[in-house]
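Please examine the sequence and the structure shown below before reading on. The paragraphs after them explain how the interior of this protein is arranged.

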Amino acid sequence: MFDFEALSQAISGRTVLCIGDLMLDEFIYGEVSRISPEAPAPVIAVRRSETNIGGAGNVARNIASLGAHCIFVGLVGEDEAGAKLKAELAKEDHIEAVLVADSSRPTTRKVRFVSEHFSSHMLRADWELALPAAASVEQKLIDAILPLIARADIVLLSDYAKGVLTARVIRNTIDTAKKLGKRVIVDPKSANFAIYRGATILTPNRKEFAEATAAAPIPTRALPRPPRTRCISPIARPCW
């Protein structure tokens with residue numbers, strides 16, 4: 001049985017370096033009572049809206065809520081959504097945000113339109129560039145991350161496949177963490193688990209695990225597994 005209190009006590013006072021894809025989550029709520037005369041689409045009369053730190057930024061908030069100090073490294077565009085995220089993260093007492101700006105891409109932003117009366121999610125609009133960071137931005141991320149690893153008790157890679165955790169960023173982070181004796185936890189998005197070689201724990205979701213095992217069957221003895229890596233999977237079979 002999951003022991004939340006034990007987890008909270010174990011992580012309280014620790015420093016966690018969280019690296020991943022930051023997003024701005026917006027929810028627009030309203031009443032829906034008619035169909036547009038211009039198209040067969042419901043009309044939402046907006047009543048209120050909410051803005052939240054999303055993606056790996058929400059992971060950082062969860063870490064902080066457990067009493068840990070979270071150093072968060074993410075990527076934003078030079079836009080209004082990026083400015084909002086910087087401002088919101090600055091309000092978090094237990095999060096130290098280190099954000100790299102990329103003028104060539106928008107800050108990942110997801111806007112959801114919700115019918116308040118029916119509690120129904122009607123539409124989601126996304127602003128994003130789900131591509132690996134350019135080489136110059138990738139280097140800025142690496143330069144920001146590596147000096148922070150020594151300060152962390154645990155390194156967490158939270159991947160949403162929006163471009164921050166490139167193979168090179170992952171490799172540099174894990175290799176440096178191993179040299180410093182730091183544990184690395186990975187919530188992977190890639191089905192190529194080999195890029196996480198050397199991590200302490202992998203926690204793939206069912207979808208990523210199924211894709212990985214379909215693309216690359218369970219290795220034989222001729223393909224040794226990476227050292228000191230444990231994979232927690234929702235499916236009870238070995239994971240390398």
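The account below begins with the core, continues with one helix, and ends with a cavity and its surroundings.

The structure is a predicted model. A useful starting point is a general tendency: in soluble globular proteins, nonpolar side chains tend to be buried together. In this model, the largest nonpolar core has 31 residues. The residues with the most contacts inside this core are L17, I19, L141, I145, V155, L157 and V184. Several elements give two or more residues to the core, namely β1 (15-20), β4, α4 (135-149), β8 (154-158), α5 (167-179), β9 (183-187) and α6 (206-215). Of these elements, α4 gives the most, with 7 residues.

V155 offers a view of the packing at one position. Leaving aside residues up to four places away in sequence, V155 touches L17, I19, I149, T173, A177, K182, R183, V184 and I185. Apart from the largest core lies another core, of 21 residues, which includes C18, A56, I63 and A68.

The helix α5 deserves closer attention. Helix α5 has 13 residues and reaches 18 Å from its first C-alpha to its last, close to the 18 Å expected at 1.5 Å a residue. Which residues of α5 are buried? They are V169, I170, R171, T173, I174, T176 and A177. These buried residues pack against β1, α4, β8 and β9.

T173 illustrates this packing at the level of a single residue. T173 is found in helix α5 and counts as buried because its relative accessibility is 1%, where the limit for a buried residue is under 20%. Neighbours within four places in sequence aside, T173 is in contact with I19, I145, L146, I149, V155 and L157. By contrast, K140, which is placed in helix α4, counts as partly exposed because its relative accessibility is 49%. The C-alpha atom of K140 is separated by 9.9 Å from that of V169, although the two residues are 29 residues apart along the chain.

The backbone on either side of α5 also merits a look. Most residues other than glycine have a negative phi. A161, however, has a phi near 60°, a positive value in a residue other than glycine. This residue is placed in the loop between β8 and α5, and A161 is partly exposed, with a relative accessible area of 37%. Just after α5, G181 takes a positive phi of about 75°.

The last topic is enclosed space. How many cavities of 30 Å³ or more are counted in the model? The count comes to 1 cavity, and about 80 Å³ of space lies in the largest cavity. The lining of this cavity is formed by D21, L22, L75, V76, G77, R105, P106, T107, T108, L129, K162 and V164. By type, the lining residues divide into 6 nonpolar, 3 polar and 3 charged. Strand β4 (residues 69-77) gives the most to the lining, with 3 residues.

One of the lining residues is T108, which lies in the loop between β5 (95-102) and β6 (109-115). T108 is buried, with a relative accessible area of 8%. Not counting residues up to four places away in sequence, T108 touches L22, M23, L24, W127, E128 and K162. Among the residues it touches, L22 and K162 also belong to the lining of the largest cavity.

Methods:
Residues are numbered from 1 along each chain as its sequence is written. This is a predicted model: local features need pLDDT of at least 70, side-chain atom pairs count only at pLDDT 80 or more; totals for chains, interfaces and linings use all residues. Side-chain values use heavy atoms; hydrogens and water are left out. On a 1 Å grid over the protein atoms alone, a cavity is a set of points where a 1.4 Å probe fits but cannot get out, and a pocket is an open set with protein on both sides within 12 Å along at least five of seven lines; lining residues have an atom within 4 Å of a point. Grid points are joined across faces, edges and corners, and a volume is the space filled by probe spheres set on the points. Helices (H or I, at least four residues) and strands (E, at least two) are DSSP runs, numbered from the N terminus. Ala, Val, Leu, Ile, Met, Phe, Trp, Tyr, Cys and Pro count as nonpolar, Asp, Glu, Lys and Arg as charged, and the others, Gly among them, as polar. A nonpolar core is a set of buried Ala, Val, Leu, Ile, Met, Phe, Trp, Tyr and Cys residues joined through side-chain atoms within 4.5 Å. Buried means under 20% relative accessible area, exposed over 50%, partly exposed in between (1.4 Å probe, protein chains only). Contact means heavy atoms within 4.5 Å. The expected span of a helix is 1.5 Å times one less than its number of residues.
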